[in-house]
Amino acid sequence: MVLGTQNINAQGRLEIGGCDALELAERFGTPLYVLDEEALRTRCRDYRAAFESLKPDTEVVYAGKAALNRALCRIIAEEGLGLDVASGGELYTALQAGFPRERIHLHGVYKTEPELRMAIEAGVGAIVVDNFEEIERLKSLLPSPPVPLSHGVGEGEFAPPSPTPWERGTGGEGFPILIRIAPEVDADTHPLIRTGQRDSKFGFHLLNGDAYRAVESVLDSPQFRLTGFHCHIGSQISDLSAFAAAARAMVEFAHAVRQRYGYVASLLNIGGGLAVRYTPDDQPPSVQEYAQTLVSALREACRAYAYPEPALGVEPGRSLIAEAGVTLYRVGAVKQIPHDHPNLPREYLIVDGGVSDNPRPQMYGARYTAVHVSRRAEPHTHAYRILGKHCETDPIIDCALLPETRAGDVIAVLTTGAYAYSMSSQYNRYPRPAMVAVRHGKARVIVERETYEEVARMDREP
């Protein structure tokens, strides 16, 4: 399985972005997150090109929860995408990186008052509201509409409103809002990464009428400018019919809203969720196929309901960055394990990372592919179980095919660009790994490796 700019160099070793992976491990240490910058930029351009050829008014917004730091923000901004942030920390990172504020969307099932205040003061492009308490919280934070003066002006005249940061971008028409809807689409993916089904915690639901009550509340307040509706059905989805169903459900809802309230949405954001390749058996749809499915479903539904075709929004995260990421580990021990499990090899490789730098195998049973960095060109036919060094049974890959591997060798786990770095921790008080970006034969550190001092930095004496 060859991803991004990976190839085999003259020494028979894995090369990424023109950089020898073994030399990266020796120079920067392991575990090491490696970002193939050219692969990420190419994927951004693929997304833009696929949708622009079919529907030029599509907004492509990167879901920053997949992986975010200041360097990534700058790459995404340079490639012309928007940015979806799901917390105050992600928003702060984007602002520190100088990401264009009007291209930022703030998400989250529970946004605190400080997070909302930060977004308002920054003047983000939109806040995606998720619950009634959040609507009321926003009303208390946003400036009130101008009120009639009792003296000094003629009857019916209004005092000029105080300027606020967001008014510069919206013409004083109210803060831009999207309403998140649970579209009743149960996507075929892991239960913990489904988000659009009936029992989801995300968004306003249709069956109990909450979605319509949310629309009423937002439309009734001049503090808001409702720009459209949002949904997201989950992640790592290969079945394109699920995305088509989501698009149809959103148009059907928008049509019902128009009939009830006379409001016509200018944007329908269908979220992200396109699957990526973790193993050679994975055959996810192409970005072009995904774009064709979404645009066709949107247009067919709009024609069926005689609904004015809105702009389309998509929020790829995993499918932008996952395949651009590789994690390098050094093998510390090789163990012969006597067991009778029919599906597990008897030889175990213990590496210098694990659940603290990638919890997905434990959380979701996520599958990965590994390659031997120094002997990439040799047949990978020897079966190993790869586990981490933590005080857990923290499998990384249950059955990895490699050349014969010894302690001290370096292996690369592929497709770790999404949800490895962003979900990393200091479990067992291990420092988080560094991240380097590689491109055109050059490597630069974009996240420093933590030290033991930094692990203990926030500790206080009792």
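Which residue just after α1 takes a positive phi? That's Gly29, with a phi of about 85°. The exercises below work through a predicted model, where local features need pLDDT of at least 70, side-chain atom pairs count only at pLDDT 80 or more, and totals for chains, interfaces and linings use all residues. Residues are numbered from 1 along each chain as its sequence is written, and side-chain values use heavy atoms, with hydrogens and water left out.

**Exercise 1. Sort the residues of helix α1 into buried and exposed, and look at its N-terminal end.**

Step 1: find the helix. Helices are DSSP runs of H or I with at least four residues, strands are runs of E with at least two, and both are numbered from the N terminus. Helix α1 spans residues 21-28.

Step 2: apply the cut-offs. Buried means under 20% relative accessible area, exposed over 50%, and partly exposed in between (1.4 Å probe, protein chains only). The buried ones are Ala21, Leu22, Leu24, Ala25 and Phe28. Because they cover an arc of only 160° around the axis, they sit on the same side of α1; the arc is taken from the directions from the helix axis to the C-beta atoms. Glu26 and Arg27 are exposed on the other side.

Step 3: check the start. Asp20 caps the N-terminal end of α1, with a side-chain oxygen 2.8 Å from the backbone nitrogen of Leu22.

**Exercise 2. Work out the order of the strands β1, β2 and β3 and pick out the edges.**

Step 1: recall the basics. Strands of a sheet pair through backbone hydrogen bonds, either parallel or antiparallel. Two strands count as paired if DSSP finds at least two bridges between them.

Step 2: read the order. It's an open sheet, β1-β2-β3, with antiparallel pairing. β1 (7-8) and β3 (19-20) are at the edges with a single partner strand each, so one side of each has no neighbour in the sheet.

Step 3: zoom in on one pair. Strand β2 (residues 14-16) meets β3 over two bridges, and Ile16 has Cys19 of β3 as its bridge partner.

**Exercise 3. Describe the lining of the largest cavity.**

Step 1: define it. On a 1 Å grid over the protein atoms alone, a cavity is a set of points where a 1.4 Å probe fits but cannot get out, and lining residues have an atom within 4 Å of a point.

Step 2: list the neighbours. Of the 13 lining residues, Tyr33, Gly325, Thr416, Gly417 and Met435 are the closest to the centre of the largest cavity. The elements giving two or more residues to this lining are β4 (32-36) and β14 (325-336).

Notes:
Polar contact = N/O pair within 3.5 Å; in protein donor to acceptor, adjacent residues only side chain to side chain. 1 Å grid on protein atoms, 1.4 Å probe; cavity = no way out; pocket = protein on both sides within 12 Å on 5 of 7 lines; lining within 4 Å. Nonpolar A, V, L, I, M, F, W, Y, C, P; charged D, E, K, R; others polar.
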